[in-house]
Amino acid sequence: MSLLNTSLAAGKLSGTIFTFEQVGDVLPMHTHQEGDAHITIVARGRVKAHGNGWSAEYGAGSVIDFPSDQSHEFIALEDNSRIVNIIK
């Protein structure tokens, strides 16, 4: 399994691009503070996001707005899925 990440900087925007090379690749469970909370855009493929008591699947074009204290994890449902996290 392989998860690739690349820093993103575009003007005042910053974040990280994550590419899940294979089905089942995981961005492990984590929680953000107010200063590093993000939105996630599914750029390609499909991912499952889940946390404490919730789970959802998202496809290309989906935008997810996580509250700063919501634990979450991503699992690739398709090879070469990609998400873009942009700090709010």
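Visitor: Why is Arg-46 called partly exposed?

Guide: Happy to start there, and please keep in mind that this is a predicted model. The relative accessible area of Arg-46 is 30%. Buried would need a value under 20% and exposed one over 50%, so Arg-46, at 30%, counts as partly exposed.

Visitor: What makes Arg-46 and Glu-57 a salt bridge?

Guide: The closest N and O atoms of Glu-57 and Arg-46 are 3.5 Å apart. The cut-off is 4 Å between a side-chain nitrogen of Lys or Arg and a carboxyl oxygen of Asp or Glu, so the pair qualifies as a salt bridge.

Visitor: Which parts does the pair tie together?

Guide: Arg-46 belongs to strand S5 (residues 46-51) and Glu-57 to strand S6 (residues 54-59), so the salt bridge ties together parts that are 11 residues apart in sequence.

Visitor: How many salt bridges does the structure hold?

Guide: There are two salt bridges. Asp-65 forms one of them with Lys-88, with the closest N and O atoms 2.4 Å apart. That distance is again within 4 Å, so the name fits here too.

Visitor: Where do Asp-65 and Lys-88 sit, and how far apart are they along the chain?

Guide: Asp-65 is in strand S7 (residues 63-65), while Lys-88 is in the segment after strand S9 (81-87). These are distant parts of the chain, 23 residues apart.

Visitor: Are Asp-65 and Lys-88 buried or exposed?

Guide: Both residues are exposed. For each, that means a relative accessible area over 50%.

Visitor: What is the order of the strands in the open sheet?

Guide: Four strands make up this sheet, in the order S3-S8-S5-S6, with antiparallel pairing. On average, neighbouring strands are turned by 20° against each other, direction ignored.

Visitor: Why are S3 and S6 at the edges?

Guide: Strand S3 (26-30) and S6 each have a single partner strand, so one side of each is left without a neighbour in the sheet.

Visitor: How do you know that S3 and S8 pair?

Guide: Two strands pair if at least two bridges are found between them. Three bridges join S3 to strand S8 (residues 72-76), so the condition is met. His-30, for example, has His-72 in S8 as its bridge partner.

Visitor: Why is Ser-14 described as buried, partly exposed or exposed?

Guide: Ser-14 has a relative accessible area of 33%, so partly exposed is the right term, between the limits of 20% and 50%. Ser-14 is found in strand S2 (residues 13-20).

Visitor: Which residues does Ser-14 touch, not counting residues up to four places away in sequence?

Guide: Its contacts are Leu-8, Asn-85, Ile-86 and Ile-87.

Key. Residues numbered from 1 in each chain as written. Predicted model: local features only at pLDDT ≥ 70, side-chain atom pairs only at ≥ 80, totals over all residues. Heavy atoms only, no water. Helix = DSSP H or I, 4+ residues; strand = E, 2+ residues; numbered from the N terminus. Buried < 20%, exposed > 50% of the residue type's maximum accessible area, 1.4 Å probe, protein only. Contact = heavy atoms within 4.5 Å. Axes fitted to C-alpha atoms, helices over the stretch in contact; angles between N-to-C directions.
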